Amino acid sequence: MVQAAVMGYGVVGSGVVEVLMQHQSSIARRTKEEIGIKYILDIRDFPDSPFQEKFTKSFEDILNDDEVRVVAEVMGGVHPAYEFTKQLLESGKSVVTSNKELVATMGAELLKIAREHNVNYLFEASVGGGVPIIRPLSQCLAANDVIEIAGILNGTTNFILTKMIRENMSFEDALAMAQQLGYAERNPAADIEGHDAGRKISILASLAYGRHVYPQFVHTEGITHITLADVAYAASWGGVIKLIGQVKRLEDDTLDITVEPMLIERNSQLANVDDVFNGILVRGDATGDVVFYGKGAGKLPTASAVVADIIDCVKHLKRRKYFDWADGDGSIVKPYEETAFPVYLRLKTTMPKQELLNKMQQLFVNVREIVRANAASDEYAFATDDMVVAERERAIAALKEDGVEVLSKIRISDL
Ligand code: HSE
């Protein structure tokens with residue numbers, strides 16, 4: 001029997017214990033080894049849990065027990081998860097995690113430590129919850145040059161936007177519902193401000209391009225400014241608004257990497273990825289588009305990926321799995337101001353319509369008006385063609401000088 005430990009008995013941690021216990025015999029058949037859980041680390045008490053004898057409040061119990069070969073870190077947050085993970089890897093134990101914040105901010109260092117100590121640091125659950133993406137990207141698609149990855153990477157915001165699009169529900173009500181269902185992070189700002197998706201695209205970019213792309217290099221916008229009016233204009237334009245994490249390799253070999261809401265056409269493969277589901281499109285030079293779809297948040301889907309990593313570690317106790325990248329300094333990332341893409345703009349002005357249309361034609365590239373039913377008489381919306389961000393910001397500043405209020409500005413995707 002190989003012994004494992006679980007650090008953190010929250011939503012994911014309790015799911016890991018449940019999945020591992022319930023599937024113990026089928027996992028043993030596949031792994032040719034039984035996997036036991038010797039410790040569950042948590043500072044809280046769980047008097048009603050059937051696993052009383054496994055709980056400990058002392059990290060040292062796990063660190064100093066030579067029988068424990070694999071540890072699932074499902075605590076979340078950087079500290080003390082980082083210190084714990086580092087010590088475990090240094091002591092020769094493999095670690096698996098769903099902690100995208102830790103992988104996105106310290107991944108290069110922890111992977112290096114794992115390499116030096118000939119153990120594994122696996123993180124399938126850190127992106128896409130139950131959707132396999134880390135292994136497919138680094139193994140099955142390894143023969144490809146990855147041209148682009150674009151994904152709906154955050155279940156909470158996708159749930160909220162779906163409620164807004166399909167049920168005309170307010171942002172606040174939809175967020176409360178997502179929290180009740182256990183999808184949201186402890187601090188929902190990480191979801192709705194785009195940071196959770198930012199961490200995930202930073203992990204995917206690091207894996208695909210071999211250099212750590214830290215979250216601070218990812219231009220990140222959330223969905224808090226999206227209104228039901230924008231949702232209605234997107235529908236008139238022929239699509240929906242989704243929060244997309246995207247990384248594209250540009251012709252000069254730099255990366256355009258962002259998390260931001262985008263208008264995507266209704267016939268795009270990502271347009272119908274709804275509710276808490278995630279969808280991740282990988283564009284390879286040999287494969288073309290490959291799309292991964294499934295539940296990106298929630299107890300059991302995420303636990304499934306964590307347990308799969310535990311199984312993989314048990315199968316590779318003396319060998320390394322090569323999920324790896326080198327450190328990075330951000331020089332691979334194109335500054336956001338220099339990237340180019342089309343946008344949708346929603347404006348408020350009392351300027352006569354013809355004057356506004358003339359001004360828009362002068363300032364923006366190939367601008368088209370979008371109309372919606374029941375719009376206020378001083379509200380207008382437009383779609384532009386590709387413009388470099390800095391140039392577009394100059395055009396927007398010129399509009400503002402003429403008293404035009406810019407209510408919304410959302411990227412239009414080419415997906
Ligand atoms: N809060 C995250 C989400 C959980 O909503 O996608 C899974 O990473």
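Here is a quick tour of the ligand site, the aromatic pairs and two backbone oddities in this structure. Keep in mind that the model is predicted. The ligand takes up the space of the largest pocket, and 11 aromatic pairs turn up in the protein. There is also a cis peptide bond, between His 79 and Pro 80, and a positive phi at Asn 118.

**Around the ligand**

- Going along the chain, the ligand's neighbours start with Lys 100, Asn 154, Gly 155 and Thr 156, carry on with Tyr 183, Ala 184, Glu 185 and Asp 191, and finish with Asp 196, Lys 200, Gly 296 and Ala 297.
- Sorted by type, this shell has three nonpolar, four polar and five charged residues.
- What does Lys 200 do here in terms of distance? An N or O atom in the Lys 200 side chain is 2.7 Å from an oxygen atom of the ligand.
- Tyr 183 joins in through its backbone: an N or O atom there lies 2.9 Å from a nitrogen atom of the ligand.
- Asn 154 uses its side chain instead, with a polar atom 3.5 Å from an oxygen atom of the ligand.
- How much of the ligand does the protein bury? Taken alone, the ligand exposes 250 Å², and 92% of that is buried by the protein.
- The space filled by the ligand is the largest pocket, and two elements, α7 (155-167) and α10 (195-209), each give two or more residues to the shell around the ligand.

**Aromatic pairs**

- The count of aromatic pairs comes to 11.
- Why is the pair of Phe 59 and Phe 84 called stacked? Their ring centres are 4.0 Å apart and their planes sit at 5°, and planes under 30 degrees apart count as stacked.
- This pair ties together distant parts of the chain, as Phe 59 belongs to helix α3 (residues 59-63) and Phe 84 to helix α4 (residues 81-90), 25 residues apart.

**Backbone oddities**

- Most residues other than glycine have a negative phi, and most peptide bonds are trans.
- Against that background, His 79 and Pro 80 are joined by a cis peptide bond, with omega at about 5°.
- Where is Pro 80? Look in the loop between β4 (68-73) and α4.
- Asn 118 isn't a glycine, yet its phi is positive, near 55°.
- You'll find Asn 118 in the loop that runs between α5 (100-116) and β6 (121-122).

Terms used. Residues numbered from 1 in each chain as written. Predicted model: local features only at pLDDT ≥ 70, side-chain atom pairs only at ≥ 80, totals over all residues. Heavy atoms only, no water. Near = heavy atom within 4 Å. Polar contact = N/O pair within 3.5 Å; in protein donor to acceptor, adjacent residues only side chain to side chain. Areas by Shrake-Rupley, 256 points an atom, 1.4 Å probe, with all protein chains shown as cover. 1 Å grid on protein atoms, 1.4 Å probe; cavity = no way out; pocket = protein on both sides within 12 Å on 5 of 7 lines; lining within 4 Å. Sits in = over half its atoms within 2 Å of the grid points. Helix = DSSP H or I, 4+ residues; strand = E, 2+ residues; numbered from the N terminus. Nonpolar A, V, L, I, M, F, W, Y, C, P; charged D, E, K, R; others polar. Phe/Tyr/Trp six-rings, centres within 6.5 Å; stacked < 30°, edge-to-face > 60°.
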